[in-house]
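Please open the model in your viewer and keep the selection panel at hand. The tour moves from one selection to the next and says what is there at each stop.

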Amino acid sequence: MNVLEVKQLEKIYFGKVNYAALNGVSFDVEQGDFVGIMGPSGSGKTTLLNCISTIDVPTGGSLEIEGTNPHGLSDRDLAKFRRNELGMVFQDFNLVDTLTIKENILLPMTLDEVSIEEMNNRLRTVTEFLGITQLLDKRTFEVSGGQAQRVAIARAIIHQPSLLLADEPTGNLDTKSVKDVMNLFTSVNKDLQTTILMVTHDPYVASFCNRIIFIKDGKFHNEIHRGEQKGEFYQKIIDTLAFLGGRRDDIQ
Ligand SMILES: Nc1ncnc2c1ncn2[C@@H]1O[C@H](COP(=O)(O)OP(=O)(O)OP(=O)(O)O)[C@@H](O)[C@H]1O
Ligand SMILES: [Mg+2]
């Protein structure tokens, strides 16, 4: 079953000069998959993710998440749809500094009619799973980057979303935390069977995915699958990025 279907998605930014950031992108994501999106800087990765997460509105084509086109919903239904179906993790964590870690994680659920007991049960499960129970009463400025990203992951998965979206989730982390956070994404995918779509420019980070979709100039370019050999997959990622061109640091 497909959790996500993207059909001929188009996004034109209108301005003095109109710019087509997405030029008819199509692909599907199956339930339980862990998919990476890669491509040169400016190829439309963030625009694509923002259209899927409904942060941005496409100007053409369509998409369905669990059979629903979120862009066809009323504002009220859309807000509820986002809270139920989607989880989001960003490069800069996006935690609310005035709240404790616990309050940050519970935030998406406080808007729905979830009982306190249910909230606490889920909080316990998710924080034990991610190894962050000791952080709950801290403030956001008292935790490290790696810890902050785990908190953001907890917040993104506590309501068991159909689709977890992540835009450069390791972009602000040191090497050790990158590995830890990617191992967590892998566990979330394998153990909780959460479907993940992640944008990254880092081949090492991408090598944790099962499948990688490359986009160039706002179009689907090609895709590769992990198969058995992680090393071979990593080399294929490097080769494809080199072929696509782009910034030097995209392929380091
Ligand atoms: N709000 C906007 N208005 C006009 N143009 C935009 C806007 N947002 C993005 N663009 C343009 O759309 C193109 C795609 O941008 P996008 O942020 O999706 O790229 P990206 O693949 O995420 O790049 P990076 O790897 O650098 O994060 C770029 O050329 C960018 O300049
Ligand atoms: Mg981007």
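A residue is called buried when its relative accessible area is under 20%, exposed when it is over 50%, and partly exposed in between. Keep in mind throughout that this is a predicted model.

**The whole chain**

Begin with the protein chain displayed as a cartoon, where the secondary structure comes to 8 helices and 9 strands. Turned along its principal axes, the chain has C-alpha atoms that fill a box of roughly 50 × 45 × 40 Å. The radius of gyration is 18 Å, which agrees with the value near 18 Å that a compact globule of 252 residues would have. Of those 252 residues, 48% are buried, and among contacts with a separation of 6 or more, 69% join residues 24 or more positions apart.

Switch on the surface next: the accessible area comes to about 12100 Å², and 47% of it belongs to carbon and sulfur atoms. If you colour by charge, you will find 26 positive and 34 negative side chains, with the centres of the two sets lying 3 Å apart.

**The aromatic pair at 204 and 208**

The structure holds 2 aromatic pairs. Select Tyr 204 and Phe 208, which form an edge-to-face pair with 5.3 Å from centre to centre and 90° between the planes. Are both partners covered to an equal degree, or is one buried and the other partly exposed? Phe 208 has 7% relative accessibility and therefore counts as buried, whereas Tyr 204, at 30%, counts as partly exposed.

**Helix α1**

Move to residues 45–52, which make up helix α1, a mostly covered element in which 7 of the 8 residues are buried. The buried set consists of Lys 45, Thr 47, Leu 48, Leu 49, Asn 50, Cys 51 and Ile 52, so that a lysine and an asparagine appear in it beside the leucines. Just after α1, pause at Thr 54, where phi is positive, at about 70°.

**Helix α3 and its neighbours**

Now select residues 101–110, helix α3, and show the side chains of its buried residues, namely Ile 101, Asn 104, Ile 105, Leu 106, Pro 108 and Met 109. Adding α2 (75–85), α4 and α5 (145–157) to the view brings in the helices against which these buried residues pack.

**Leu 130 in α4**

Stay with α4, which covers residues 116–130, and centre on Leu 130. With a relative accessibility of 1%, Leu 130 counts as buried. Which residues does Leu 130 contact, leaving aside its neighbours within four places in sequence? They are Arg 150, Ile 153, Ala 154, Ile 157, Leu 184 and Val 188. A distance drawn between the C-alpha atoms of Leu 130 and Arg 150 should read 6.7 Å, although the two are 20 residues apart along the chain.

**Two more positive phi values**

Most residues other than glycine have a negative phi, and the last two stops depart from that pattern. Gln 8, in strand β1 (residues 2–13), has a positive phi of about 45° although it is not a glycine. Asp 217, in the loop between β8 (211–216) and β9 (219–225), likewise has a positive phi, near 50°. Finish by showing the surface around Asp 217, which counts as exposed because its relative accessibility is 54%.

Notes:
Residues numbered from 1 in each chain as written. Chains lettered and ligands numbered in written order. Predicted model: local features only at pLDDT ≥ 70, side-chain atom pairs only at ≥ 80, totals over all residues. Heavy atoms only, no water. Helix = DSSP H or I, 4+ residues; strand = E, 2+ residues; numbered from the N terminus. Rg over C-alpha atoms; globule rule 2.2 N^0.38 Å. Buried < 20%, exposed > 50% of the residue type's maximum accessible area, 1.4 Å probe, protein only. Contact = heavy atoms within 4.5 Å. Areas by Shrake-Rupley, 256 points an atom, 1.4 Å probe, with all protein chains shown as cover. Lys, Arg positive; Asp, Glu negative; His and termini not counted. Charge placed at Lys NZ, Arg CZ, Asp CG, Glu CD. Phe/Tyr/Trp six-rings, centres within 6.5 Å; stacked < 30°, edge-to-face > 60°.
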